[in-house]
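Here are a few friendly notes to go with the model you sent round. Have a look at the structure first, then read on.

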Amino acid sequence: MLALFRRDLRLGFRAGGGALTGVIFFLAVIVTIPFGVGPDLNLLARIGPAILWIGALLASLLGLDRLFQADREDGSLDLLVLESDRHMLALTVLVKCLAHWTATALPLVIAAPLLGLFMNMTPAGIGATALTLLVGTPAIAFIGAAGAAVAVALPRGGLLISVLVLPLTIPVLIFGVLASYGAVNDPDPFLQPFLILAALTLFLAVIGPVAAAVALKHGAD
Amino acid sequence: MRLVAEDLSGERGGEPVFSEIGFALESGQALAVTGPNGSGKSTLLRVLCGLLPASNGNVRVEGGGDAFTTPAAACHYLGHHNAMKPALIVRENLDFWQRFAGESDGVLSGQAAALSVMEALAAVGLDAIPHLPFGYLSTGQRRRVAIARLLVSFRPIWLLDEPTAGLDKASEARFAGLMKAHCSAGGIVVAATHSPLGLEEAGELRMGASSPFPQGAG
(Lines give C-alpha, C1' and ligand atoms only; values in the text may rest on other atoms or scores of the structure.)
Protein backbone atom coordinates (compact mmCIF):
# COMPACT_ATOMS: atom_id res chain seq x y z
CA MET A 1 0.00 0.00 0.00
CA LEU A 2 2.87 2.33 0.79
CA ALA A 3 4.25 1.38 -2.63
CA LEU A 4 1.00 2.51 -4.27
CA PHE A 5 1.10 5.81 -2.38
CA ARG A 6 4.68 6.45 -3.42
CA ARG A 7 4.03 5.49 -7.03
CA ASP A 8 1.03 7.81 -7.35
CA LEU A 9 2.88 10.63 -5.63
CA ARG A 10 5.83 10.24 -8.00
CA LEU A 11 3.51 10.20 -10.98
CA GLY A 12 1.78 13.32 -9.72
CA PHE A 13 4.99 15.32 -9.54
CA ARG A 14 6.67 14.00 -12.70
CA ALA A 15 6.11 15.44 -16.12
CA GLY A 16 2.47 15.29 -17.18
CA GLY A 17 1.32 14.46 -13.68
CA GLY A 18 -0.71 17.61 -13.38
CA ALA A 19 0.15 18.35 -9.74
CA LEU A 20 0.94 21.96 -10.56
CA THR A 21 -2.04 22.52 -12.85
CA GLY A 22 -4.32 22.95 -9.85
CA VAL A 23 -2.03 25.47 -8.17
CA ILE A 24 -1.74 27.55 -11.31
CA PHE A 25 -5.52 27.52 -11.78
CA PHE A 26 -5.94 28.51 -8.12
CA LEU A 27 -3.45 31.32 -8.58
CA ALA A 28 -5.22 32.53 -11.74
CA VAL A 29 -8.63 32.62 -10.02
CA ILE A 30 -7.47 34.41 -6.86
CA VAL A 31 -5.26 36.94 -8.63
CA THR A 32 -8.09 37.90 -11.00
CA ILE A 33 -10.64 38.58 -8.24
CA PRO A 34 -9.14 41.87 -6.90
CA PHE A 35 -9.05 43.26 -10.44
CA GLY A 36 -12.69 42.37 -10.93
CA VAL A 37 -13.94 43.51 -7.53
CA GLY A 38 -11.98 46.75 -7.48
CA PRO A 39 -9.68 48.34 -4.91
CA ASP A 40 -12.10 48.21 -1.98
CA LEU A 41 -9.76 46.67 0.62
CA ASN A 42 -12.46 46.09 3.25
CA LEU A 43 -14.68 44.28 0.78
CA LEU A 44 -11.74 42.10 -0.35
CA ALA A 45 -10.90 41.21 3.23
CA ARG A 46 -14.53 40.32 3.88
CA ILE A 47 -14.95 37.99 0.90
CA GLY A 48 -11.38 36.64 1.09
CA PRO A 49 -12.02 33.33 2.91
CA ALA A 50 -14.97 32.50 0.67
CA ILE A 51 -12.99 33.25 -2.51
CA LEU A 52 -10.04 31.16 -1.33
CA TRP A 53 -12.35 28.26 -0.57
CA ILE A 54 -14.19 28.46 -3.88
CA GLY A 55 -10.89 28.69 -5.76
CA ALA A 56 -9.46 25.69 -3.91
CA LEU A 57 -12.66 23.70 -4.45
CA LEU A 58 -12.66 24.30 -8.20
CA ALA A 59 -8.93 23.67 -8.46
CA SER A 60 -9.22 20.34 -6.70
CA LEU A 61 -12.05 19.26 -8.99
CA LEU A 62 -9.77 19.92 -11.93
CA GLY A 63 -7.53 16.88 -11.65
CA LEU A 64 -10.12 14.37 -10.44
CA ASP A 65 -10.82 12.81 -13.83
CA ARG A 66 -7.27 11.42 -13.99
CA LEU A 67 -7.58 9.67 -10.62
CA PHE A 68 -8.66 6.35 -12.13
CA GLN A 69 -8.70 7.09 -15.85
CA ALA A 70 -4.92 7.06 -16.23
CA ASP A 71 -4.80 3.66 -14.53
CA ARG A 72 -7.63 2.38 -16.67
CA GLU A 73 -5.99 3.41 -19.93
CA ASP A 74 -2.76 1.54 -19.27
CA GLY A 75 -4.42 -1.53 -17.74
CA SER A 76 -3.21 -0.93 -14.18
CA LEU A 77 -6.77 -0.57 -12.92
CA ASP A 78 -7.58 -4.18 -13.90
CA LEU A 79 -4.68 -5.39 -11.82
CA LEU A 80 -5.56 -3.17 -8.85
CA VAL A 81 -9.11 -4.61 -8.94
CA LEU A 82 -7.76 -8.16 -9.32
CA GLU A 83 -5.65 -7.78 -6.20
CA SER A 84 -8.75 -7.04 -4.14
CA ASP A 85 -8.41 -10.37 -2.34
CA ARG A 86 -5.12 -9.23 -0.84
CA HIS A 87 -5.77 -5.50 -0.58
CA MET A 88 -9.36 -4.52 0.03
CA LEU A 89 -10.36 -2.40 -2.96
CA ALA A 90 -11.78 0.39 -0.80
CA LEU A 91 -8.41 0.62 0.93
CA THR A 92 -6.63 0.81 -2.42
CA VAL A 93 -8.95 3.65 -3.39
CA LEU A 94 -8.33 5.40 -0.05
CA VAL A 95 -4.57 5.24 -0.61
CA LYS A 96 -4.97 6.56 -4.14
CA CYS A 97 -7.10 9.42 -2.77
CA LEU A 98 -4.49 10.30 -0.17
CA ALA A 99 -1.74 10.30 -2.79
CA HIS A 100 -3.92 12.40 -5.07
CA TRP A 101 -4.62 14.83 -2.23
CA THR A 102 -0.94 15.11 -1.34
CA ALA A 103 0.03 15.78 -4.94
CA THR A 104 -2.77 18.18 -5.93
CA ALA A 105 -4.51 19.65 -2.86
CA LEU A 106 -1.65 20.01 -0.40
CA PRO A 107 0.11 22.50 -2.73
CA LEU A 108 -3.16 24.50 -2.73
CA VAL A 109 -3.16 24.61 1.07
CA ILE A 110 0.46 25.76 1.04
CA ALA A 111 -0.26 28.42 -1.58
CA ALA A 112 -3.39 29.67 0.21
CA PRO A 113 -1.64 31.94 2.78
CA LEU A 114 0.31 33.67 0.03
CA LEU A 115 -2.81 34.20 -2.03
CA GLY A 116 -4.61 35.44 1.09
CA LEU A 117 -2.33 38.49 0.93
CA PHE A 118 -3.88 39.39 -2.42
CA MET A 119 -7.24 39.47 -0.67
CA ASN A 120 -6.02 41.82 2.10
CA MET A 121 -6.87 39.22 4.75
CA THR A 122 -5.72 39.51 8.36
CA PRO A 123 -3.10 37.02 9.60
CA ALA A 124 -5.74 35.32 11.76
CA GLY A 125 -8.06 34.97 8.77
CA ILE A 126 -5.26 33.60 6.59
CA GLY A 127 -4.27 31.06 9.23
CA ALA A 128 -7.86 29.96 9.81
CA THR A 129 -8.56 29.59 6.10
CA ALA A 130 -5.39 27.57 5.53
CA LEU A 131 -6.28 25.35 8.48
CA THR A 132 -9.84 24.74 7.27
CA LEU A 133 -8.52 24.02 3.78
CA LEU A 134 -6.08 21.52 5.24
CA VAL A 135 -8.88 19.73 7.06
CA GLY A 136 -11.58 20.13 4.41
CA THR A 137 -9.90 19.41 1.08
CA PRO A 138 -9.39 15.66 1.75
CA ALA A 139 -13.20 15.39 1.86
CA ILE A 140 -13.32 16.73 -1.70
CA ALA A 141 -10.81 14.11 -2.83
CA PHE A 142 -12.76 11.29 -1.15
CA ILE A 143 -16.09 12.32 -2.57
CA GLY A 144 -14.46 13.01 -5.91
CA ALA A 145 -13.13 9.45 -6.01
CA ALA A 146 -16.68 8.15 -6.07
CA GLY A 147 -17.53 10.46 -8.97
CA ALA A 148 -14.30 9.56 -10.79
CA ALA A 149 -15.02 5.85 -10.39
CA VAL A 150 -18.50 6.22 -11.84
CA ALA A 151 -17.23 8.19 -14.84
CA VAL A 152 -14.02 6.18 -15.35
CA ALA A 153 -15.19 4.55 -18.58
CA LEU A 154 -16.18 7.83 -20.23
CA PRO A 155 -13.56 9.33 -22.53
CA ARG A 156 -14.24 12.97 -21.57
CA GLY A 157 -15.61 12.43 -18.09
CA GLY A 158 -13.98 15.46 -16.46
CA LEU A 159 -16.94 17.80 -16.70
CA LEU A 160 -19.39 15.06 -15.73
CA ILE A 161 -17.35 14.34 -12.60
CA SER A 162 -17.42 18.02 -11.64
CA VAL A 163 -21.18 18.17 -12.11
CA LEU A 164 -21.66 14.96 -10.13
CA VAL A 165 -19.35 15.94 -7.30
CA LEU A 166 -19.98 19.66 -6.91
CA PRO A 167 -23.40 19.41 -5.18
CA LEU A 168 -21.98 16.89 -2.73
CA THR A 169 -19.10 19.18 -1.79
CA ILE A 170 -21.38 22.09 -0.85
CA PRO A 171 -21.59 21.11 2.85
CA VAL A 172 -17.80 21.00 3.00
CA LEU A 173 -17.62 24.46 1.43
CA ILE A 174 -20.26 25.90 3.79
CA PHE A 175 -18.63 24.69 6.98
CA GLY A 176 -15.13 25.50 5.76
CA VAL A 177 -16.06 29.11 5.01
CA LEU A 178 -18.14 29.35 8.20
CA ALA A 179 -15.20 28.30 10.36
CA SER A 180 -12.86 30.69 8.53
CA TYR A 181 -15.23 33.59 9.24
CA GLY A 182 -15.64 32.43 12.81
CA ALA A 183 -11.94 32.99 13.44
CA VAL A 184 -12.12 36.61 12.25
CA ASN A 185 -15.57 37.94 13.24
CA ASP A 186 -15.84 37.97 16.98
CA PRO A 187 -19.27 36.70 17.95
CA ASP A 188 -19.23 33.88 15.38
CA PRO A 189 -17.94 30.53 16.63
CA PHE A 190 -14.88 28.91 15.09
CA LEU A 191 -14.70 25.58 16.85
CA GLN A 192 -18.18 24.19 16.12
CA PRO A 193 -18.15 24.55 12.32
CA PHE A 194 -14.52 23.45 12.31
CA LEU A 195 -15.40 20.24 14.16
CA ILE A 196 -18.31 19.58 11.81
CA LEU A 197 -15.90 20.08 8.90
CA ALA A 198 -13.51 17.52 10.43
CA ALA A 199 -16.42 15.13 10.96
CA LEU A 200 -17.48 15.55 7.33
CA THR A 201 -13.96 14.64 6.19
CA LEU A 202 -13.84 11.54 8.39
CA PHE A 203 -17.32 10.50 7.30
CA LEU A 204 -16.48 10.87 3.62
CA ALA A 205 -13.15 9.08 4.12
CA VAL A 206 -15.24 5.97 4.70
CA ILE A 207 -18.20 6.51 2.37
CA GLY A 208 -16.25 7.81 -0.65
CA PRO A 209 -13.73 4.95 -1.08
CA VAL A 210 -16.37 2.28 -0.41
CA ALA A 211 -18.69 3.80 -3.03
CA ALA A 212 -15.81 4.16 -5.47
CA ALA A 213 -14.75 0.54 -4.91
CA VAL A 214 -18.26 -0.69 -5.68
CA ALA A 215 -18.39 1.43 -8.84
CA LEU A 216 -14.97 0.19 -10.00
CA LYS A 217 -15.80 -3.44 -9.31
CA HIS A 218 -18.98 -3.29 -11.37
CA GLY A 219 -17.74 -0.90 -14.00
CA ALA A 220 -15.11 -3.25 -15.47
CA ASP A 221 -15.64 -4.19 -19.08
CA MET B 1 -3.88 -27.49 -8.02
CA ARG B 2 -6.60 -27.32 -10.66
CA LEU B 3 -8.31 -24.54 -12.59
CA VAL B 4 -11.82 -25.64 -13.44
CA ALA B 5 -14.31 -23.84 -15.68
CA GLU B 6 -17.78 -25.33 -15.92
CA ASP B 7 -20.44 -24.54 -18.46
CA LEU B 8 -19.11 -21.03 -18.79
CA SER B 9 -20.93 -18.34 -20.75
CA GLY B 10 -19.86 -14.77 -21.21
CA GLU B 11 -21.38 -11.64 -22.63
CA ARG B 12 -20.31 -8.16 -23.59
CA GLY B 13 -22.84 -5.38 -23.29
CA GLY B 14 -25.72 -7.85 -23.14
CA GLU B 15 -24.62 -9.72 -26.29
CA PRO B 16 -23.61 -13.34 -25.66
CA VAL B 17 -20.06 -13.87 -26.93
CA PHE B 18 -19.51 -17.50 -26.04
CA SER B 19 -21.42 -20.15 -24.17
CA GLU B 20 -21.01 -23.51 -22.50
CA ILE B 21 -17.26 -23.63 -22.39
CA GLY B 22 -15.78 -26.06 -19.93
CA PHE B 23 -12.30 -27.30 -19.16
CA ALA B 24 -10.16 -28.45 -16.29
CA LEU B 25 -6.44 -27.76 -16.15
CA GLU B 26 -4.08 -29.57 -13.81
CA SER B 27 -0.80 -28.21 -12.51
CA GLY B 28 1.74 -28.11 -15.30
CA GLN B 29 -0.77 -27.89 -18.13
CA ALA B 30 -1.14 -25.14 -20.68
CA LEU B 31 -4.13 -24.17 -22.79
CA ALA B 32 -4.02 -22.15 -25.98
CA VAL B 33 -7.26 -20.33 -26.72
CA THR B 34 -7.52 -19.74 -30.45
CA GLY B 35 -10.15 -18.45 -32.83
CA PRO B 36 -10.92 -15.57 -35.16
CA ASN B 37 -11.26 -11.95 -34.01
CA GLY B 38 -14.42 -11.39 -32.04
CA SER B 39 -14.80 -15.01 -31.01
CA GLY B 40 -14.55 -14.08 -27.34
CA LYS B 41 -10.98 -15.01 -26.41
CA SER B 42 -10.34 -11.85 -24.43
CA THR B 43 -13.77 -12.00 -22.83
CA LEU B 44 -13.12 -15.59 -21.78
CA LEU B 45 -9.86 -14.60 -20.08
CA ARG B 46 -11.49 -11.68 -18.29
CA VAL B 47 -14.31 -13.95 -17.11
CA LEU B 48 -11.75 -16.52 -15.93
CA CYS B 49 -9.94 -14.06 -13.70
CA GLY B 50 -13.16 -12.50 -12.48
CA LEU B 51 -12.88 -9.05 -14.04
CA LEU B 52 -16.13 -9.74 -15.88
CA PRO B 53 -19.03 -11.60 -14.33
CA ALA B 54 -19.90 -14.88 -16.05
CA SER B 55 -23.46 -14.84 -17.35
CA ASN B 56 -23.65 -18.55 -16.62
CA GLY B 57 -21.46 -21.27 -15.15
CA ASN B 58 -18.53 -20.86 -12.80
CA VAL B 59 -14.76 -20.80 -12.50
CA ARG B 60 -12.93 -22.14 -9.49
CA VAL B 61 -9.50 -23.03 -8.22
CA GLU B 62 -9.09 -26.33 -6.41
CA GLY B 63 -6.23 -27.21 -4.13
CA GLY B 64 -4.70 -23.77 -4.10
CA GLY B 65 -4.23 -23.68 -0.33
CA ASP B 66 -4.88 -20.60 1.77
CA ALA B 67 -3.12 -18.14 -0.51
CA PHE B 68 -4.89 -18.97 -3.75
CA THR B 69 -8.55 -19.54 -2.99
CA THR B 70 -10.14 -17.67 -5.89
CA PRO B 71 -9.07 -17.33 -9.53
CA ALA B 72 -8.48 -13.61 -8.96
CA ALA B 73 -6.04 -14.32 -6.15
CA ALA B 74 -4.27 -17.13 -7.98
CA CYS B 75 -3.75 -15.54 -11.38
CA HIS B 76 -1.50 -13.15 -13.17
CA TYR B 77 -3.48 -11.35 -15.85
CA LEU B 78 -1.56 -9.96 -18.81
CA GLY B 79 -4.01 -8.04 -20.95
CA HIS B 80 -3.64 -5.96 -24.10
CA HIS B 81 -2.26 -3.13 -22.02
CA ASN B 82 1.04 -3.43 -20.24
CA ALA B 83 -0.05 -1.80 -16.96
CA MET B 84 3.14 0.24 -16.75
CA LYS B 85 3.53 3.99 -16.29
CA PRO B 86 5.43 5.75 -19.09
CA ALA B 87 6.71 8.43 -16.68
CA LEU B 88 8.37 5.95 -14.32
CA ILE B 89 11.56 4.09 -15.11
CA VAL B 90 11.40 0.36 -15.79
CA ARG B 91 12.75 -0.63 -12.39
CA GLU B 92 10.27 1.58 -10.50
CA ASN B 93 7.39 0.07 -12.46
CA LEU B 94 8.38 -3.50 -11.67
CA ASP B 95 9.30 -2.61 -8.09
CA PHE B 96 5.83 -1.24 -7.56
CA TRP B 97 4.05 -4.32 -8.89
CA GLN B 98 6.29 -6.58 -6.86
CA ARG B 99 5.53 -4.72 -3.65
CA PHE B 100 1.85 -4.33 -4.40
CA ALA B 101 1.20 -7.91 -5.49
CA GLY B 102 3.46 -9.38 -2.85
CA GLU B 103 5.92 -12.09 -3.72
CA SER B 104 3.59 -14.87 -2.49
CA ASP B 105 6.27 -17.53 -2.65
CA GLY B 106 5.06 -20.89 -3.82
CA VAL B 107 2.75 -22.92 -1.69
CA LEU B 108 2.99 -25.81 -4.12
CA SER B 109 5.70 -28.33 -3.54
CA GLY B 110 9.03 -27.50 -5.06
CA GLN B 111 7.81 -24.12 -6.18
CA ALA B 112 10.29 -21.63 -7.50
CA ALA B 113 10.21 -18.40 -5.56
CA ALA B 114 9.54 -15.08 -7.22
CA LEU B 115 12.49 -13.47 -8.95
CA SER B 116 13.96 -10.14 -8.01
CA VAL B 117 13.36 -7.26 -10.40
CA MET B 118 16.83 -7.50 -11.94
CA GLU B 119 16.58 -11.28 -12.32
CA ALA B 120 13.21 -10.90 -14.02
CA LEU B 121 14.60 -8.27 -16.39
CA ALA B 122 17.51 -10.57 -17.18
CA ALA B 123 15.01 -13.34 -17.91
CA VAL B 124 13.39 -11.21 -20.62
CA GLY B 125 16.73 -9.92 -21.87
CA LEU B 126 16.33 -6.33 -20.72
CA ASP B 127 18.79 -6.19 -17.84
CA ALA B 128 20.70 -3.39 -19.58
CA ILE B 129 17.89 -0.82 -19.37
CA PRO B 130 16.32 -0.75 -15.88
CA HIS B 131 17.06 2.99 -15.65
CA LEU B 132 15.12 4.09 -18.76
CA PRO B 133 11.64 5.59 -18.47
CA PHE B 134 9.10 3.02 -19.64
CA GLY B 135 7.79 5.52 -22.19
CA TYR B 136 11.13 5.48 -24.07
CA LEU B 137 10.94 1.76 -24.87
CA SER B 138 9.83 0.21 -28.13
CA THR B 139 6.60 -1.78 -28.38
CA GLY B 140 8.36 -5.13 -28.08
CA GLN B 141 10.49 -3.98 -25.16
CA ARG B 142 7.39 -2.72 -23.35
CA ARG B 143 5.77 -6.10 -23.79
CA ARG B 144 8.84 -7.78 -22.39
CA VAL B 145 8.76 -5.56 -19.31
CA ALA B 146 5.09 -6.53 -18.87
CA ILE B 147 6.14 -10.18 -19.12
CA ALA B 148 8.81 -9.56 -16.48
CA ARG B 149 5.96 -8.52 -14.16
CA LEU B 150 4.73 -12.13 -14.25
CA LEU B 151 8.05 -13.20 -12.78
CA VAL B 152 8.55 -10.69 -9.96
CA SER B 153 5.66 -12.03 -7.91
CA PHE B 154 4.49 -15.61 -7.93
CA ARG B 155 1.02 -16.64 -9.09
CA PRO B 156 0.33 -20.23 -10.12
CA ILE B 157 -2.02 -19.33 -12.97
CA TRP B 158 -1.02 -17.12 -15.88
CA LEU B 159 -3.85 -15.71 -18.00
CA LEU B 160 -2.25 -14.19 -21.06
CA ASP B 161 -4.08 -12.19 -23.71
CA GLU B 162 -2.00 -12.25 -26.90
CA PRO B 163 1.21 -12.21 -24.89
CA THR B 164 3.52 -12.22 -27.88
CA ALA B 165 2.01 -9.18 -29.64
CA GLY B 166 4.93 -7.07 -30.81
CA LEU B 167 7.66 -9.53 -29.82
CA ASP B 168 10.43 -10.54 -32.22
CA LYS B 169 11.25 -14.19 -32.94
CA ALA B 170 14.02 -14.44 -30.36
CA SER B 171 11.81 -12.93 -27.64
CA GLU B 172 8.95 -15.25 -28.58
CA ALA B 173 11.23 -18.24 -28.13
CA ARG B 174 12.50 -16.85 -24.83
CA PHE B 175 8.93 -16.32 -23.65
CA ALA B 176 8.01 -19.89 -24.67
CA GLY B 177 10.89 -21.02 -22.46
CA LEU B 178 9.52 -18.95 -19.54
CA MET B 179 6.06 -20.47 -19.95
CA LYS B 180 7.60 -23.95 -20.11
CA ALA B 181 9.53 -23.30 -16.92
CA HIS B 182 6.37 -22.02 -15.25
CA CYS B 183 4.44 -25.15 -16.25
CA SER B 184 7.17 -27.54 -15.20
CA ALA B 185 7.24 -25.81 -11.79
CA GLY B 186 3.57 -26.72 -11.41
CA GLY B 187 1.96 -23.62 -12.86
CA ILE B 188 -0.94 -23.29 -15.27
CA VAL B 189 -0.93 -21.17 -18.42
CA VAL B 190 -4.01 -20.07 -20.37
CA ALA B 191 -3.10 -17.96 -23.39
CA ALA B 192 -5.29 -16.40 -26.04
CA THR B 193 -3.17 -16.30 -29.14
CA HIS B 194 -3.04 -16.17 -32.92
CA SER B 195 0.49 -17.48 -33.26
CA PRO B 196 1.75 -20.84 -31.97
CA LEU B 197 2.78 -20.67 -28.33
CA GLY B 198 5.80 -22.91 -28.74
CA LEU B 199 4.51 -25.33 -26.14
CA GLU B 200 4.20 -28.78 -27.69
CA GLU B 201 2.07 -30.26 -24.96
CA ALA B 202 -0.41 -27.37 -24.77
CA GLY B 203 -4.08 -28.18 -25.23
CA GLU B 204 -6.14 -26.08 -27.58
CA LEU B 205 -9.53 -24.48 -27.09
CA ARG B 206 -10.86 -23.30 -30.43
CA MET B 207 -13.51 -20.62 -30.22
CA GLY B 208 -15.73 -19.87 -33.21
CA ALA B 209 -17.55 -16.61 -33.79
CA SER B 210 -20.79 -18.34 -34.76
CA SER B 211 -20.77 -21.79 -33.21
CA PRO B 212 -18.63 -22.10 -30.14
CA PHE B 213 -18.16 -25.68 -29.11
CA PRO B 214 -16.81 -26.92 -25.82
CA GLN B 215 -13.76 -29.08 -25.85
CA GLY B 216 -11.93 -30.67 -22.98
CA ALA B 217 -8.28 -29.81 -23.10
CA GLY B 218 -5.05 -31.33 -21.98
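The points below go from the overall build of chain B to one of its strands.

1. Please keep in mind that this is a predicted model. Chain B contains six helices and eight strands, and their order along the sequence is β-β-β-α-β-α-β-α-α-α-β-α-β-β.

2. On overall size, the radius of gyration of chain B is 17 Å, which agrees with the value near 17 Å for a compact globule because the chain has 218 residues. Along the principal axes, the C-alpha atoms of chain B occupy a box of roughly 50 × 35 × 30 Å.

3. Turning to packing, 53% of the 218 residues of chain B count as buried. If you take contacts in chain B between residues at least 6 apart in sequence, 71% of them link residues at least 24 apart.

4. The surface that chain B exposes comes to about 8600 Å², with 51% of it supplied by carbon and sulfur atoms. As for charge, chain B carries 17 positive and 21 negative side chains, and 7 Å separates the centres of the two sets.

5. Strand 5 of chain B, residues 75-78, is worth a closer look, as both of its faces are covered. In a regular strand, side chains alternate between the two faces of the sheet. Here C75(B) and Y77(B) are buried on one side, while H76(B) and L78(B) are buried on the other.

6. Which strand pairs with strand 5 of chain B, and in what sense? The partner is strand 6 of chain B (residues 157-161), and the two run parallel over four bridges. Within strand 6 of chain B, I157(B) is the bridge partner of C75(B).

Definitions and conventions
Residues numbered from 1 in each chain as written. Chains lettered and ligands numbered in written order. Predicted model: local features only at pLDDT ≥ 70, side-chain atom pairs only at ≥ 80, totals over all residues. Heavy atoms only, no water. Rg over C-alpha atoms; globule rule 2.2 N^0.38 Å. Buried < 20%, exposed > 50% of the residue type's maximum accessible area, 1.4 Å probe, protein only. Contact = heavy atoms within 4.5 Å. Areas by Shrake-Rupley, 256 points an atom, 1.4 Å probe, with all protein chains shown as cover. Lys, Arg positive; Asp, Glu negative; His and termini not counted. Charge placed at Lys NZ, Arg CZ, Asp CG, Glu CD. Pairing = 2+ DSSP bridges.
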